[in-house]
Amino acid sequence: EIKAFIFDLDGVITDTAEYHYKSWQKLADEEDLFFNREINEKLRGVSRMDSLDIILDGKELPEKIKKEWTDRKNAYYQKYLEEITKENILDDMESKLKRLKNDGFKIAVGSSSRNARKVLKQLQIYDMFDAISDGNSVESAKPAPDLFLHTAKNLGLEPEECVVLEDAESGVEAALAANMKAVGVGPESRVGKAHLVYGNVDSIDFDEILKKL
Ligand code: G6P
Ligand code: MG
């Protein structure tokens with residue numbers, strides 16, 4: 001029986017991909033790294049350090065420099081976050097969240113981002129959630145199941161009672177590895193492994209999810 005919905009944040013509740021893109025691009029320009037929108041797409045759902053490793057594409061660097069670069073990228077990103085308001089919530093996601101709560105479901109956030117709480121506050125929906133797991137909650141990032149298992153534990157629920165909504169391949173894999181039900185948001189090529197797939201946030205149908213999963 002489904003008792004909770006765990007939402008990924010970036011790409012499901014709001015769209016921060018463009019801010020991540022601009023921040024990585026600025027760092028890449030400064031450090032003469034090859035970067036573009038296509039590479040940025042691969043960073044969806046991937047932790048900050050894993051993102052830098054993808055950009056470096058096999059190039060090895062001392063940990064100290066990698067730390068300095070990811071810190072700098074994050075400083076750029078945090079500047080963009082100041083611009084985020086309620087307007088940045090995707091489509092009718094807020095009313096969908098309210099309806100789920102009214103219907104007695106628990107709702108939670110399971111995000112790889114260490115900035116997740118800041119983003120939720122900027123969106124003015126921080127207090128709605130029964131649990132929030134973010135990039136600081138566990139050691140192993142998605143596609144490991146740890147983050148979503150952390151969320152279920154905080155909700156006091158079994159993994160089987162949770163549905164995860166994800167826009168990233170790594171996130172869908174994490175949900176499946178956690179033995180949860182996975183709903184993908186985006187193209188089949190990206191989230192096709194999920195139990196149910198919607199092309200975009202607007203078309204997510206919770207009645208259908210409850211009936212089919
Ligand atoms: C989300 C985004 C990723 C980002 C990650 C870490 O999963 O989809 O693109 O790299 O969070 O974000 P952070 O705010 O910790 O740098
Ligand atoms: Mg995402």
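Ligand 1 is surrounded by 17 residues, and the closest are Asp 10, Arg 48, Ser 112, Ser 113 and Arg 114. Sorted by class, this shell holds 11 polar, 4 charged and 2 nonpolar residues. The model is predicted; it scores ipTM 0.98 and pTM 0.97. Mean pLDDT over the chain is 97, and 100% of the residues reach 70 or more.

**Annotated positions**

- The UniProt record, an unreviewed entry, places the feature "active site" at Asp 8 and Asp 10.
- Asp 8 is found in the loop that runs between β1 (4-7) and α1 (17-31), and Asp 10 lies in the loop between β1 and α1 as well.
- Asp 8 counts as buried because 29 other C-beta atoms lie within 10 Å, where the cut-off for burial is 20 or more.
- Asp 10 is also buried, with 23 other C-beta atoms within 10 Å.
- Setting aside residues up to four places away in sequence, Asp 8 touches Gly 45, Gly 110, Ser 111, Leu 165, Glu 166, Asp 167, Ala 168 and Gly 171.
- With neighbours within four places in sequence left out, the contacts of Asp 10 are Thr 16, Ala 17, Ser 111 and Ser 113.
- Ser 111 is among the contacts of Asp 8 and among those of Asp 10.
- Two residues named here, Asp 10 and Ser 113, are listed among the closest to ligand 1.

**Strand β1**

- Ala 4 and Ile 6 point one way from β1, Phe 5 and Phe 7 point the other way, and all of them are buried.
- β1 pairs with β2 in the parallel sense over 4 bridges.
- Within that pairing, Ala 4 has Lys 106 as its bridge partner in β2, while Ile 6 has Ala 108.
- β1 and β4 also run parallel and are joined by 4 bridges.
- In β4, Leu 165 stands opposite Phe 7; Leu 165 is also one of the residues that Asp 8 touches.

**Strands β2 and β3**

- Strand β2 covers residues 106-110, and 4 of its 5 residues are buried, so the strand is largely enclosed by the rest of the structure.
- β2 pairs with strand β3 (residues 131-133) in the parallel sense over 3 bridges.
- Ala 108 stands opposite Ala 131 in β3, and Ala 108 is the bridge partner of Ile 6 of β1 too.
- Gly 110, one of the residues touched by Asp 8, falls within the range 106-110 of β2.

**Helix α7**

- In helix α7 (residues 146-155), the buried residues are Leu 147, Phe 148, Leu 149, Thr 151, Ala 152 and Leu 155.
- These buried residues pack against β1, β2, β3, β4 (162-166) and α8 (169-177).
- Gly 156, just after α7, takes a positive phi of about 75°.

**Points to keep together**

- The strands linked by parallel pairing are β1 with β2, β1 with β4 and β2 with β3.
- Each of these strands is among the elements against which the buried residues of α7 pack.
- The annotated Asp 8 is in the loop after β1 and before α1, and the annotated Asp 10, in the loop between β1 and α1, is one of the closest residues to ligand 1.

Technical notes. Residues are numbered from 1 along each chain as its sequence is written. Chains are lettered from A and ligands numbered from 1 in the order in which they are written. This is a predicted model: local features need pLDDT of at least 70, side-chain atom pairs count only at pLDDT 80 or more; totals for chains, interfaces and linings use all residues. A residue is near a molecule or strand if its C-beta atom, placed from the backbone, lies within 6 Å of it. Ala, Val, Leu, Ile, Met, Phe, Trp, Tyr, Cys and Pro count as nonpolar, Asp, Glu, Lys and Arg as charged, and the others, Gly among them, as polar. pLDDT is the predictor's confidence in each residue, from 0 to 100. UniProt positions are given in the numbering used here, feature names are shortened, and annotations may be inferred rather than shown by experiment. Helices (H or I, at least four residues) and strands (E, at least two) are DSSP runs, numbered from the N terminus. A residue is buried if 20 or more other C-beta atoms lie within 10 Å of its own, exposed if 12 or fewer, and partly exposed in between; C-beta atoms are placed from the backbone. Two residues are in contact if their C-beta atoms, placed from the backbone, lie within 7 Å. Two strands pair if DSSP finds at least two bridges between them.
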